[in-house]
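Me: I should like a close look at a single part of this protein, the disulfide, set in the context of the whole model. Please take the two together in one connected account.

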Amino acid sequence: MSAAVRRTAYALGAVAAVLLALVAFNTFTSSSADAAVSNPTVRSQYFTTGSSTIYCPSGYVATGGGVGVDTPASMYVSRTEPVQDGAGQPVGWKGDVRQRANGAAASGTVYVVCAQ
């Protein structure tokens with residue numbers, strides 16, 4: 001299987017997992033107005049530089065995120081965490097990916113789930 005096909009398969013799997021999480025979140029939250037999520041959106045960005053950060057649209061907050069690697073057998077996620085603005089609101093997601101053999105920068109995809 002080519003690297004592009006693997007990358008696409010991993011990306012689709014990650015997006016499906018995020019969308020399922022959104023469905024579960026909307027299904028299992030309380031009925032209070034504070035728990036309501038409106039206009040959920042998922043953003044992703046492929047990178048080859050070892051790390052990347054992706055941001056929610058203006059007016060949205062990050063409700064989750066993650067990082068996927070191109071080749072799990074030879075790469076690993078070394079960091080995945082939310083990005084906060086100056087007020088402490090989560091507004092994006094960042095992640096780092098490394099080669100298992102030598103710790104060098106690797107490629108992957110960073111995802112963020114955003115809601116208003």
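What is the mean pLDDT of the protein, and what share of its residues reach 70 or more? With that settled, where in the chain do the cysteines of the disulfide lie?

Reply: The model is a predicted one. Its mean pLDDT is 81, and 68% of the residues reach 70 or more. Confidence is under 50 over residues 15–33, a stretch for which the model has 12 contacts beyond four places in sequence.

The architecture gives the setting for the disulfide. The protein has one helix and six strands, and from the N terminus on these elements follow the order α-β-β-β-β-β-β. Taking contacts between residues at least 6 apart in sequence, 65% join residues at least 24 apart.

The structure holds one disulfide, formed by Cys 56 and Cys 114, with the sulfur atoms 2.1 Å apart. The pair links distant parts of the chain, the two residues being 58 residues apart. Cys 56 is in the loop between strand E2 (51–55) and strand E3 (61–69), whereas Cys 114 belongs to strand E6 (residues 108–115). A disulfide is, in general terms, a covalent bond between the sulfur atoms of two cysteines. As to its geometry here, the torsion about the S-S bond of Cys 56 and Cys 114 is about -85 degrees, and the disulfide is therefore left-handed.

Both partners can also be described by their exposure to solvent probe. Cys 56 has a relative accessibility of 10% and so counts as buried, since the cut-off for that class is under 20%. Cys 114 is likewise buried, because its relative accessible area is 0%. For the protein as a whole, 28% of the 116 residues count as buried. The accessible surface comes to about 6600 Å², and carbon and sulfur atoms account for 55% of that area.

One further local feature may be set beside the disulfide. Asn 39 has a positive phi of about 50 degrees, although this residue is not a glycine. Asn 39 is placed in the loop between helix H1 (3–28) and strand E1 (41–47). With a relative accessibility of 46%, Asn 39 counts as partly exposed, whereas Cys 56 and Cys 114 are buried.

Technical notes: Residues numbered from 1 in each chain as written. Predicted model: local features only at pLDDT ≥ 70, side-chain atom pairs only at ≥ 80, totals over all residues. Heavy atoms only, no water. pLDDT = per-residue confidence, 0-100. Contact = heavy atoms within 4.5 Å. Helix = DSSP H or I, 4+ residues; strand = E, 2+ residues; numbered from the N terminus. Buried < 20%, exposed > 50% of the residue type's maximum accessible area, 1.4 Å probe, protein only. Disulfide = S-S within 2.5 Å. Areas by Shrake-Rupley, 256 points an atom, 1.4 Å probe, with all protein chains shown as cover.
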